[in-house]
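Q: Please take a close look at one part of this structure and explain how that part fits with what surrounds it. A plain, connected account would suit a first-year student.

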Amino acid sequence: MDDSDVPTAEDMMKAASKVIGVPLRPKFQGTILPDPNFNADDCADRLQATMKGLGTKDRKLIEILTKHTCEQRQEIEKSYNARLGVLRDDIDSDLSGHYKDMCLSLLDSFITYDCKELNRAVKRLGTDESTIVEILFTRSNEDLNKIKEEYEKLYSRTLEMDIANDTSGDFQELLKLQMEAQREETYKVKKEQARQDAQELYVAGEKRFGTSERRFNNIFCTRSFYHLKYVCESYTDISGHDIEEAVKSETSGDLKSAYLDIIRMSRSMPGYFAYRLNKSMKGLGTKDLNLIRLLISRSEIDMVQVREEYEKMFDETLDIAIQGEAMGDYEEVLLALIGHRV
């Protein structure tokens, strides 16, 4: 291996596991795992039973929806619709409020759900720029391309067109470049290249009269997040201060917020999502649709680590934070998604 390569966490974990003879914990863990004894017809029958008669048997409904993966939930809905009625219609008539929003969202594929959330972000009164950045910058190149394709099918116009109509300037250029889905997706990091990128950012920002956003955009949209982590560290070595300070002093508005989010992602993706969860619950009124999306989107990826990061960052467990913002069946389904069952 080249001296400038940094081995991945996965490489080191495998090597350590081999030495000690005991499998180590995966780097990232979801809270929703595939049901090994999955039977779509049985689940569909049990779902219908929860909504029959007087009153919905909510705890059993929540258990079915949150103990199966997104892919398995798709199969449950197919079985239900083929034999028993229309599942979404039944949920819509039996449930209400954000509890209903959550359960209906759990029936969507991840790609379709992302499309709906992006459409909501650009079509609401006042564009939700932070949601656009969250979705576009944390999905893989493959998923971004699927999202663009699905979005056009759903809304008969392109995602690029809708985002262009609702954004402007350098922020729009950043999103446009990200939607090209050209990010490196390797775990390997070239230290010397990272130092060169950090030097370029320093020259393009603090050492220049008027920041060169084009260079920032190119590096932030094409380098892997593992690489960007080293870029940020090298920037501190070169400039003598954190790259966040430079972004705050050299940029403003939506572009500044996006750059800061990308830096957070590079340092810790679970940490970034813990930050976003806190933002969704902080202040006057919970941003429930954001909270729902954040929990669903990470439930099969790294929710265990998001929970851990949340407690480190905010000195409060995620389940306690949720319990302070939600109640009843809505609270219970939120807690189930983070692996905390009542």
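A: **The second largest pocket and its surroundings**

The second largest pocket of this predicted model has a volume of about 380 Å³. Its lining is made up of 20 residues, and those closest to the centre of the pocket are Asp128, Ser130, Arg276, Lys279 and Lys287. Several helices take part: helix 8, helix 16, helix 17 (269-281) and helix 18 each supply at least two residues of the lining. Helix 16 gives the most, with six residues.

Helix 18 spans residues 288-298 and holds arginine 293. Is arginine 293 buried or exposed? Arginine 293 counts as buried because its relative accessibility is 0%, and the cut-off for buried is under 20%. The side chain of arginine 293 makes a polar contact, at 3.2 Å, with the side chain of threonine 131. Leaving aside neighbours within four places in sequence, arginine 293 is in contact with Tyr113, Glu117, Arg120, Thr131, Glu134, Ile135 and Arg276. One of these, Arg276, is also among the lining residues closest to the centre of the pocket.

Helix 16, which gives the most residues to the lining, also has a part in the interior. The largest nonpolar core has 91 residues, and the members that touch the most others are Leu136, Phe137, Leu174, Phe220, Leu277, Leu295 and Leu334. The largest share of this core, seven residues, comes from helix 16.

Leucine 174, one of those core residues, leads to helix 11. In helix 11 (residues 169-178), the buried residues are Phe171, Gln172, Leu174, Leu175, Leu177 and Gln178. What covers them includes helix 8 (129-138), helix 9 (141-155), helix 10 (159-166), helix 13 (213-222) and helix 16 (253-267). Helix 8 and helix 16 therefore appear both in this cover and in the lining of the pocket, where a lining residue is one with an atom within 4 Å of a pocket point. Leaving aside neighbours within four places in sequence, leucine 174 is in contact with Phe137, Asn217, Cys221, Leu255, Ala258, Tyr259 and Ile262.

The chain as a whole gives the setting. Its secondary structure comes to 21 helices and zero strands. Of its 342 residues, 48% count as buried. Among contacts with a separation of 6 or more, 71% are between residues 24 or more positions apart. The chain exposes about 16,600 Å², of which carbon and sulfur atoms supply 49%.

Methods
Residues numbered from 1 in each chain as written. Predicted model: local features only at pLDDT ≥ 70, side-chain atom pairs only at ≥ 80, totals over all residues. Heavy atoms only, no water. Helix = DSSP H or I, 4+ residues; strand = E, 2+ residues; numbered from the N terminus. Buried < 20%, exposed > 50% of the residue type's maximum accessible area, 1.4 Å probe, protein only. Contact = heavy atoms within 4.5 Å. Areas by Shrake-Rupley, 256 points an atom, 1.4 Å probe, with all protein chains shown as cover. Polar contact = N/O pair within 3.5 Å; in protein donor to acceptor, adjacent residues only side chain to side chain. Core = buried A, V, L, I, M, F, W, Y, C linked by side-chain atoms within 4.5 Å. 1 Å grid on protein atoms, 1.4 Å probe; cavity = no way out; pocket = protein on both sides within 12 Å on 5 of 7 lines; lining within 4 Å. Points joined across faces, edges and corners; volume = space filled by probe spheres on them.
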